Amino acid sequence: MDNIQEFYWGEVRWIEELNYNINIGISKIFPHTYQKPHVHYENEQFLFVLKGRGVYERNGESFRLKAGDYLHFPFNSQHATLNESDEELVD
């Protein structure tokens, strides 16, 4: 599977879907762009920052992360992302 979803804030390249239980994707968020709050219903997420830095929001709590950092989003969490840098934020 190699499917790209494009958004106003960047893109997600889905690279693997395993038995409808695990999806693996790489998202790129454009410089100085805000991904609005949203919820992935019935899904939890593990996010690992590959490149850049940004502010991640999870259920109203903010986390400033950089390459090498990670964050877990429990089921039905509301989350958003702000790329406050001059380079793409890749996670």
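The following paragraphs lead from the overall fold of this chain to a few of its individual residues.

The model is predicted. Its secondary structure consists of ten strands and zero helices. Followed along the sequence, the elements give the pattern β-β-β-β-β-β-β-β-β-β.

The overall dimensions come next. The C-alpha trace extends over about 35 × 25 × 25 Å along its principal axes. For 91 residues, a compact globule would be expected to have a radius of gyration near 12 Å, and the 13 Å of the chain therefore agrees with that expectation. Of the 91 residues, 31% are counted as buried. Among contacts with a separation of 6 or more, 52% join residues that are 24 or more positions apart.

The surface and the charges can be described together. About 6,000 Å² of the chain is exposed, and 51% of this area is supplied by carbon and sulfur atoms. The chain carries 15 negative and 8 positive side chains. The centres of these two sets are separated by 6 Å.

Aromatic side chains provide a local view. A pair of aromatic rings is described by the distance of the centres and the angle of the planes. The count comes to two aromatic pairs in this model. One of them is formed by Phe7 and Trp9, whose rings are stacked, with 4.7 Å from centre to centre and 5 degrees between the planes. The pair is classed as stacked because planes under 30 degrees apart meet that description. The partners can also be described by their accessibility. Trp9 has a relative accessible area of 7% and is therefore buried, since the limit for that class is under 20%. Phe7, with a relative accessible area of 34%, is partly exposed.

Strand β2, which covers residues 10–18, contains Arg13. The relative accessible area of Arg13 is 31%, so this residue is partly exposed. Which distance separates the C-alpha atoms of Arg13 and Ile26? These two residues are 13 residues apart along the chain, and their C-alpha atoms are separated by 5.2 Å.

The backbone deserves attention at two asparagines. Most residues other than glycine have a negative phi. Asn59, although not a glycine, has a positive phi of about 50 degrees. This residue is located in the loop between β6 (53–58) and β7 (61–66). Asn76 likewise has a positive phi, near 60 degrees, and is a residue other than glycine. The place of Asn76 is the loop that runs between β8 (70–73) and β9 (78–83). With a relative accessibility of 36%, Asn76 counts as partly exposed.

Strand β9 also leads to the last residue considered here, as Leu82 belongs to that strand. Is Leu82 buried or partly exposed? At 30% relative accessibility, Leu82 counts as partly exposed, because the value falls between the limits of 20% and 50%. Which residues are in contact with Leu82 once its neighbours within four places in sequence are left aside? They are Thr33, Tyr34, Gly54, Val55 and Leu89. Of these, Gly54 and Val55 fall in the residue range of β6 (53–58). A further reference point is Ser27, which is 55 residues from Leu82 along the chain. The C-alpha atoms of Leu82 and Ser27 are separated by 13 Å.

Conventions: Residues numbered from 1 in each chain as written. Predicted model: local features only at pLDDT ≥ 70, side-chain atom pairs only at ≥ 80, totals over all residues. Heavy atoms only, no water. Helix = DSSP H or I, 4+ residues; strand = E, 2+ residues; numbered from the N terminus. Rg over C-alpha atoms; globule rule 2.2 N^0.38 Å. Buried < 20%, exposed > 50% of the residue type's maximum accessible area, 1.4 Å probe, protein only. Contact = heavy atoms within 4.5 Å. Areas by Shrake-Rupley, 256 points an atom, 1.4 Å probe, with all protein chains shown as cover. Lys, Arg positive; Asp, Glu negative; His and termini not counted. Charge placed at Lys NZ, Arg CZ, Asp CG, Glu CD. Phe/Tyr/Trp six-rings, centres within 6.5 Å; stacked < 30°, edge-to-face > 60°.
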